[in-house]
Amino acid sequence: MSAATRRLTTAQALVRFLAAQYTERDGVRHRLVAGTWGIFGHGNVAGVGQALVEYGDVMPFHQGRSEQAMVHAAVGHARHLNRLSAQAVTTSIGPGATNLVTGAALATVNRLPVLLLPGDYFASHAADPLLQQLEHPSEADVSVNDALRPVSRYFDRISRPEALLASAPRAMRVLADPAQTGAVTLALPQDVQAEAFDWPEEFFADRVWRVRRPAPDPEELADAVRALRAARRPLIVAGGGVHHGEAEAALEALVDATGIPVASTQAGKGSLRHDHPADLGGIGHTGTAVADDLARTADLVIGVGTRYSDFTTASGTLFQEPGVRFLNLNITAFDAHKLAARTLVCDARAGLTALTGALSGHRVPSSYEDEYRAGRARWEETVRAALRADDENAVPTQTQVLGALDAVVGDEDVVINAAGSLPGDLHKLWRSRSPRQYHLEYGYSCMGYEIPAALGVQQAAPGVPVWALVGDGTYLMNPTEIVTAVQEELPVKLVLVQNHGYASIGGLSESVGAERFGTDYRHRAADGTFTGAPLPVDLAANAASLGMDVLRAKTVRELREALSTARAATRPTCVYVETAAGDAPGAQAWWDVPVAEVSARDAATGARARYEQAVADRRHHL
């Protein structure tokens with residue numbers, strides 16, 4: 001007697017399969033694929049589109065406006081849920097598929113799961129070439145979807161229905177594996193999407209992917225404990241893995257027991273609450289003075305869930321103690337071995353808990369605790385001065401915008417940012433009050449991430465105030481998902497900061513001798529110089545035209561009132577503010593942006609001399 005089967009199209013079978021996938025960690029179960037974002041065209045409307053209509057009762061659908069933005073929304077959702085739940089994104093072939101590449105790279109760089117389902121050419125080549133098909137002169141099986149291979153952790157083209165029986169579970173394994181996760185791509189030829197097949201009933205049974213918490217190897221643990229006991233000036237660098245592993249309480253227990261201070265990467269900020277006596281704030285180029293000063297003299301750097309980007313290491317110039325060594329606790333061996341470190345390849349919570357137990361009775365010297373607590377106090381004065389506005393009727397600076405928001409938000413609020421000058425200000429100045437509050441995408445630092453990511457976070461956390469902080473340059477990159485927020489009644493809050501150009505890159509351009517060329521949004525004279533007059537562009541009116549309620553604030557007082565109103569709003573609301581010039585605390589560590597070695601312009605030659613002086617401090621930790 002043959003096994004039971006169900007006759008469905010490939011697309012229908014895929015949707016039913018995805019609806020039956022779950023993750024489980026610590027006894028808590030989540031939908032692995034919680035919903036599907038989509039924009040339909042001829043490459044997916046008759047296949048995946050029809051399947052989503054047929055099975056809308058088990059697979060929620062979200063209508064996007066930009067393919068890249070849909071991936072950002074899915075990534076925001078996955079990050080907020082600690083990688084235990086993902087979303088899928090379906091597109092047509094051609095430009096719909098290639099528009100996924102940036103979002104896929106962002107997901108993979110940040111180790112965050114997203115499932116991509118782009119349409120593809122006819123597997124049968126019955127229609128060849130078809131509309132939007134890329135023709136390769138020597139490889140007939142190449143399509144634009146192959147551009148997704150280098151930015152995906154798993155890729156397959158489903159050229160026959162039965163291929164899905166093997167490939168779909170493999171895709172789920174990668175999505176659910178914290179050591180391998182990132183973008184996963186199943187390219188779906190449009191004829192195969194619509195083709196029927198007799199699927200085994202077992203394919204649609206509920207399947208649970210257990211997210212393991214691997215414990216540290218005993219020998220690695222013993223080696224780590226010896227290194228920690230010998231260190232006089234240890235420093236923990238908390239990365240995003242602390243959050244992904246829900247290890248914040250374990251980190252706090254280790255710190256309370258040993259007195260080791262904690263500095264955080266952009267992804268790791270909030271691993272300790274800002275007012276914990278051992279929290280030093282951000283580290284690296286955008287870090288705090290106290291964190292970077294201690295990093296320069298640390299004899300043991302303990303990286304927890306960090307991949308050590310150049311911003312964290314100040315391009316190899318930050319950790320300057322001659323005998324400094326590294327101990328890296330990471331679930332991914334690839335990251336654990338960086339900087340010639342001793343390794344603890346394990347789950348963040350399991351590893352931190354094991355270290356706390358093994359270090360019983362050990363504590364850093366009291367003089368070291370006194371030193372970093374004094375540094376904390378000095379930096380807190382810097383923070384207060386930057387956030388404070390003495391004149392309530394003045395136009396706010398950007399840091400005063402953050403001060404006004406700081407006065408309004410609660411512990412549960414989520415603040416999202418990714419690019420421009422805001423990440424540096426936030427990393428130095430924001431007072432994180434809970435593990436999920438600080439949501440900075442700085443692995444890829446993708447302009448246009450903030451608004452769609454806010455939608456994904458709002459879906460993951462209904463009822464929680466979610467703030468997207470966006471400069472004018474970033475807003476112009478990707479505002480379209482405002483329409484989706486209105487359509488789905490997602491009450492995200494947008495803080496739109498108008499400073500007439502690319503503030504961050506403008507400052508960088510000036511520092512490297514490029515003289516702010518091409519970074520202002522202002523009128524140009526016939527000779528190419530800027531006249532200084534702002535362009536007659538009204539971004540607040542644009543946000544309103546897309547369906548948002550808009551509150552315009554011209555002064556510090558109006559800003560604070562507008563933010564309070566927005567926080568209580570039950571529909572998408574924008575607070576628009578034009579900022580005055582103001583100096584945020586400067587960079588406390590270097591960042592390597594190579595400067596022209598020869599130039600006829602004084603600005604560039606001066607910048608090159610400063611560059612050569614700074615790069616001489618670079619170290620290779622071997």
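Is N82 buried or exposed? To find out, select N82 in this predicted model, and look for the residue in the loop that runs between helix α3 (67-80) and strand β6 (86-91). N82 is buried, because its relative accessible area is 9%, and a residue is called buried when that value is under 20%. While N82 is selected, look also at its backbone, where phi is near 55 degrees, a positive value in a residue other than glycine.

Next, select E246, which sits in the loop between α9 (240-244) and α10 (248-258). Here again the residue is not a glycine, and E246 has a positive phi of about 50 degrees. Its cover can be read in a similar way: E246 has 28% relative accessibility and therefore counts as partly exposed, since that class lies between the buried limit of 20% and the exposed limit of 50%.

For another backbone feature, select D128 and P129 together, and turn the view until the bond between them is clear. The peptide bond that joins D128 and P129 is cis, with omega about 0 degrees, and P129 belongs to the loop between β7 (114-120) and β8 (154-157).

Now move to the surface and select F40, V45 and F61, which form a nonpolar patch there with about 240 Å² of accessible area together. Of these residues, F61 can be placed in strand β5, which covers residues 61-63. F61 counts as partly exposed, because its relative accessibility is 32%.

From the surface, go on to helix α16, residues 398-408, which is mostly covered, as 10 of its 11 residues are buried. If you colour the buried residues of α16, you will be marking Q398, T399, Q400, V401, L402, G403, A404, L405, D406 and V408.

The last stop is the second largest pocket, which has a volume of about 280 Å³. To centre the view on this pocket, select H274, D279, R376, W379 and E380, which lie nearest its centre among the 20 residues of its lining. The elements that give two or more residues to this lining are β14 (279-282), α15 (366-387) and α17 (422-429), and α15 gives the most, with 4 residues. If you then colour the lining of the second largest pocket by kind of residue, you will find 7 nonpolar, 5 polar and 8 charged.

Note on methods:
Residues are numbered from 1 along each chain as its sequence is written. This is a predicted model: local features need pLDDT of at least 70, side-chain atom pairs count only at pLDDT 80 or more; totals for chains, interfaces and linings use all residues. Side-chain values use heavy atoms; hydrogens and water are left out. Patches are made of residues with over 30% relative accessible area and no salt bridge: like charges are joined within 9 Å, nonpolar side chains (Val, Leu, Ile, Met, Phe, Trp, Tyr) within 5 Å. Accessible areas come from the Shrake-Rupley method with a 1.4 Å probe; for residues, only the protein chains shown count as cover. A salt bridge is a side-chain nitrogen of Lys or Arg within 4 Å of a carboxyl oxygen of Asp or Glu. Buried means under 20% relative accessible area, exposed over 50%, partly exposed in between (1.4 Å probe, protein chains only). On a 1 Å grid over the protein atoms alone, a cavity is a set of points where a 1.4 Å probe fits but cannot get out, and a pocket is an open set with protein on both sides within 12 Å along at least five of seven lines; lining residues have an atom within 4 Å of a point. Grid points are joined across faces, edges and corners, and a volume is the space filled by probe spheres set on the points. Ala, Val, Leu, Ile, Met, Phe, Trp, Tyr, Cys and Pro count as nonpolar, Asp, Glu, Lys and Arg as charged, and the others, Gly among them, as polar.
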